[in-house]
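The following questions and answers examine a protein model through its rings, sheets and cores. Please consult the sequence and the coordinates alongside the text.

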Amino acid sequence: MSDLAPKVELTPPDIEPYRAGNTGTEYVTSFAVAEPGPHVLVAALTHGNEICGAIAVDRLLRAGIRPRRGTLTLAFDNVAAYREFDPLYPVASRYIDEDFNRLWSPATLDGPRHSVELERARALRPFVDVADYLLDLHSMQYATAPLMLAGLLPRSRELARRIGIPELIMCDAGHAAGPRMRDYGGFGDPNSAKTALLIEAGQHWEKRAAEIATDVMLRFLIALDVVTRDDVAALGGPDFDATPRQRTIEVTEAITITGSQFDFAGDFRGLEVLPEKGMLIGRDDGRDVRTPYDNCVLIMPSRRLIRGQTAVRLGRYLD
């Protein structure tokens, strides 16, 4: 897939019918029922060019799905960036001013700065604050196997196992550039019961990504007893009934770019296993970056090779 002319197999849905919502915040819709249960939040468009999540949430809303218990909130996050999506240059609409998913610390949210993404994060913060469970729908730059990003807490990994897809569960601490929504507040607190997951559903614009995002979302809601299988089976795709043997990748470090130029040593796309310690991964302003141990897995190497950003994460299979 060319960086200059990526193939866009997905059609971005019209989310204008959801602008008003029913919460007082644009593009946020919430349904509550009398039967006690958790408050579950499903978020799409955290990055404006990752349209598979918008497709999944749009499908759920158009189908009229309602929770059997508790509260289900559905949010389209960075709508301003999504409005800029152009299939002729789809990489350009990730964000307007800054990455929406690097802002989720109280110091940033309560601080004096202003940006399009920060104002939207502040508007959505009350919904994230009250959610017991969060699923954040994302996609990736390269067409590799989907990844469930479960963080470092056992309860998040356990929920990923209950969902049962995708095959690969990745446990990581996040990015030096700033915390993600998945790690905000109680979601990252070992003493809290709040639990969050982030699904990387495949390459941004491949048809498969929308199918995976939808099936993971449905199985997430089933795992939490928010809906029954029969409620949502008609929306299911190829992985709705899949039973893969799940494997866990532990991320040991994230390579943060410190120089003005970072170059990879190969055409790495993700999930390559470099068999020997000391193998060259890339160079950061000429400084060698090498594997710290045998059988090192390269996870989500980035095309956005900018100082302060994550070039690639390093990990190893635990099972």
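Rings of Phe, Tyr and Trp (its six-membered ring) pair if their centres lie within 6.5 Å; planes under 30 degrees apart count as stacked, over 60 as edge-to-face and the rest as tilted. This is a predicted model, in which local features need pLDDT of at least 70 and side-chain atom pairs count only at pLDDT 80 or more, while totals for chains, interfaces and linings use all residues. Residues are numbered from 1 along each chain as its sequence is written, and side-chain values use heavy atoms, with hydrogens and water left out.

Q: How many aromatic pairs does the count come to?
A: A pair of aromatic rings is described by the distance of the centres and the angle of the planes. Under the centre-distance rule given above, the count of aromatic pairs comes to five.

Q: What is the geometry of the pair formed by Phe 262 and Phe 264?
A: Phe 262 is buried at a relative accessible area of 4%, whereas Phe 264 is partly exposed at 21% (buried means under 20% relative accessible area, exposed over 50%, partly exposed in between, with a 1.4 Å probe and protein chains only). The ring centres of Phe 262 and Phe 264 are 5.1 Å apart and the planes make 70°, a geometry classed as edge-to-face.

Q: Which class describes the ring pair of Phe 264 and Phe 268?
A: Phe 268 is buried, its relative accessible area being 13%. The centres of the Phe 264 and Phe 268 rings lie 6.1 Å apart with planes at 90°, so the pair is edge-to-face.

Q: Which residue in β11 stands opposite Phe 264?
A: Helices (H or I, at least four residues) and strands (E, at least two) are DSSP runs, numbered from the N terminus. Strands β9 and β11 (residues 280–284) run antiparallel and are joined by three bridges; two strands pair if DSSP finds at least two bridges between them. Opposite Phe 264 in β11 stands Gly 282.

Q: In what order do the three strands of the open antiparallel sheet lie?
A: The edge strands are β9 (262–264) and β12 (287–290), each pairing on one side only. Four bridges join β11 to β12 in antiparallel fashion, and Gly 282 has Val 289 as its bridge partner in β12. The order of the three strands is β9-β11-β12.

Q: Which residue in the turn of the hairpin formed by β11 and β12 has a positive phi?
A: The hairpin has two residues between its strands. The residue with a phi of about 50° is not a glycine, and its relative accessible area of 46% makes it partly exposed. That residue is Asp 285.

Q: Which strands are the edges of the eleven-stranded sheet?
A: The pairing in this open sheet is mixed, and the order is β1-β3-β2-β4-β7-β5-β6-β8-β14-β13-β10. Within the sheet, strand β2 (residues 39–44) runs parallel to strand β4 (residues 133–140), with four bridges joining them. The strands that pair on one side only are β1 (28–32) and β10 (273–274).

Q: What angle does the direction of α6 make with that of β7?
A: Contact means heavy atoms within 4.5 Å, and axes are lines fitted to C-alpha atoms, for helices over the stretch in contact, with angles from 0 to 180 degrees between N-to-C directions. Helix α6 packs on the sheet and touches β2, β3, β4, β5 (147–149) and β7. The angle between the directions of α6 and β7 is about 160°.

Q: Which helix gives the most to the largest nonpolar core?
A: A nonpolar core is a set of buried Ala, Val, Leu, Ile, Met, Phe, Trp, Tyr and Cys residues joined through side-chain atoms within 4.5 Å. The largest has 54 residues, and those with the most contacts inside it are Val 42, Val 57, Phe 76, Phe 220 and Leu 221. With ten residues, the leading contributor is helix α6 (residues 207–223).

Q: Is Asp 239 buried or exposed?
A: Asp 239 lies in the loop between α7 (229–232) and β8 (247–256). Beyond four places in sequence, its contacts are Ile 165, Arg 208, Ile 212, Asp 215 and Arg 219. Because its relative accessibility is 16%, Asp 239 counts as buried.

Q: Which peptide bond, with omega near -5°, is cis?
A: Its proline is found in the loop between α5 (154–163) and β6 (168–171). The cis bond runs from Ile 165 to Pro 166.
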